[in-house]
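Thanks for coming. I will take the sheet, then the charged pairs, then the rings.

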Amino acid sequence: MTATLTVNTIQLLRSPRQIAETLYEDERVIIRYTPGTSPRGVCVFADLPEMWGGAGDSGLADAVWTAAGSMHRFEIIDRRGTWFNECFNTVYAVLKSACTRNDIHSLMMLGEGMGGYGAMLFLDALPRAHRGAAFNLPSSVHPDRVSFEHRWSPLRQRIKRWAAPCLTERWSRKELYLFFGSEAQEDTLHADRLQPLLGDGQMLYHLEGYGADLIRDIQARGQLAATLEALFARSSVDARLSAAFEADLVTEEHFDDMITEQFAAVSMKAAK
């Protein structure tokens, strides 16, 4: 017996994200879009591919496409790994126009690693962005600002013009939630740089025993769906997130000890 796959059957076998339309594409950036029916939208900024030292396709975008319900969904991919320096103005213009054209009143920004960095950049820049969440994001990748950061050096050296602002110099005052694993030394030090910048409605969560591929770790422990449900909720976001990660949250005192240990470890690595 021979089975025949129709176009509709093939689409069912693919994830909803894979059949999203391409809203914009050039050699620098791809922006994919799936329309929704509510006045809310969510943007997922992709991390670097694994071959460049990022988390690659960690599953965050697919999980968002599934969990976002009636929300409009966008995926933004910096194809050259420039931390959105080459495509900042283009992404801004495309997303701002899409919000106006589709009557989207509020945007949620999400991302991991480089994607988390992008999420924070555009949370601050876009007028209709109201809430952000980032996982293991660098506070900066500029070599003059983070001497302890030695990952992604070949990519950083290729950036000729730093058009995107450094997060620590242009920090958003909008609602945001930051997540950091405790296992990667550099990630812990980036968290330490960002902690003093937090204002009202801004939270930072340190997760004990979680590594550099934070989304994969969260997903492996069965917590990703609850995390997204909390982030998409209209209220009580912090209480929902704290409940999801209650057993894994690092205390403030323990975090201070971690910073001392991680800074010493990174300094020794640089000296070698």
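Before the strands, one definition: two strands pair if DSSP finds at least two bridges between them. With that in hand, S1 and strand S2, residues 29-34, pair in the antiparallel sense, over four bridges. One of the residues involved is Tyr24, whose bridge partner in S2 is Ile31. What you are looking at, I should say, is a predicted model.

Now the whole sheet. Eight strands form an open sheet with mixed pairing. Reading across, the order is S1-S2-S4-S3-S5-S6-S7-S8. Which strands stand at the edges? They are strand S1, at 21-25, and strand S8, at 202-207; each has a single partner strand, so one side of each is left without a neighbour in the sheet. On average, and ignoring direction, neighbouring strands of this sheet are turned by 15 degrees against each other.

Two helices to point out here. Helix H3, residues 88-101, packs on the sheet and touches S1, S2, strand S3 (40-45), strand S4 (72-78) and strand S5 (106-112). The direction of H3 makes about 135 degrees with that of S1. Helix H6, residues 185-194, also packs on the sheet, touching strand S7 (175-181) and S8. Between the directions of H6 and S7 the angle is about 150 degrees.

Next, charges. Side chains of opposite charge can pair when their charged atoms come close. How many salt bridges does a search of the whole structure find? The search finds 11. I will show three.

The side chains of Arg80 and Glu86 meet in a salt bridge, at 2.9 Å from N to O. Arg80 is partly exposed, with a relative accessible area of 33%, and Glu86 is partly exposed too, with 32%.

Then Glu169 and Arg145, whose side chains form a salt bridge at 2.5 Å, N to O. This pair links distant parts of the chain, 24 residues apart. Glu169 sits in the loop between helix H5 (153-157) and S7, while Arg145 sits in the loop between strand S6 (129-135) and H5. Are these two side chains buried or exposed? The cut-off for exposed is over 50% relative accessible area, so Glu169, at 54%, counts as exposed. Arg145, with 33%, is partly exposed.

The third is Arg216 with Asp213, a salt bridge of 3.6 Å, N to O. Arg216 has 26% relative accessibility and counts as partly exposed; Asp213 is partly exposed as well, with a relative accessible area of 32%. These two do not stand alone: salt bridges that share partners join Glu50, Asp213 and Arg216 into one network.

On to the rings. A search of the whole structure finds 10 aromatic pairs. Phe45 and Phe122 are one of them, a stacked pair with 5.4 Å centre to centre and 10 degrees between the planes. Phe45 lies in strand S3 and Phe122 in helix H4, residues 114-125, so the pair ties together parts that are 77 residues apart in sequence. Phe45 counts as buried at 1% relative accessibility, and Phe122 counts as buried at 0%.

Phe122 has a further partner in Phe88. The ring centres of Phe88 and Phe122 are 4.8 Å apart and the planes are at 20 degrees, so this pair is stacked. Since Phe88 lies in helix H3 and Phe122 in helix H4, the pair ties together parts that are 34 residues apart in sequence. Both Phe88 and Phe122 are buried.

Elsewhere, ring pairs link Phe135, Phe179, Tyr205, Tyr210 and Phe245 into a cluster. Tyr210 also has a charge over its face: Arg221 lies there, at 3.8 Å from the ring centre. Arg158 does likewise with Trp52, lying over the face of that ring at 5.7 Å from its centre.

Last, one residue back in helix H4: Asp124. Asp124 is partly exposed, with a relative accessible area of 24%. Which residues does Asp124 contact, leaving aside its neighbours within four places in sequence? The contacts are Arg170, Trp171, Ser172 and Lys174. From C-alpha to C-alpha, Asp124 and Leu167 are 9.5 Å apart in space, and they are 43 residues apart in sequence.

That is all I have.

Note on methods. Residues are numbered from 1 along each chain as its sequence is written. This is a predicted model: local features need pLDDT of at least 70, side-chain atom pairs count only at pLDDT 80 or more; totals for chains, interfaces and linings use all residues. Side-chain values use heavy atoms; hydrogens and water are left out. Axes are lines fitted to C-alpha atoms, for helices over the stretch in contact, and angles run from 0 to 180 degrees between N-to-C directions. Contact means heavy atoms within 4.5 Å. A salt bridge is a side-chain nitrogen of Lys or Arg within 4 Å of a carboxyl oxygen of Asp or Glu. Buried means under 20% relative accessible area, exposed over 50%, partly exposed in between (1.4 Å probe, protein chains only). Rings of Phe, Tyr and Trp (its six-membered ring) pair if their centres lie within 6.5 Å; planes under 30 degrees apart count as stacked, over 60 as edge-to-face and the rest as tilted. A charge sits over a ring if NZ of Lys or CZ of Arg is within 6 Å of the ring centre and within 35 degrees of the ring normal.
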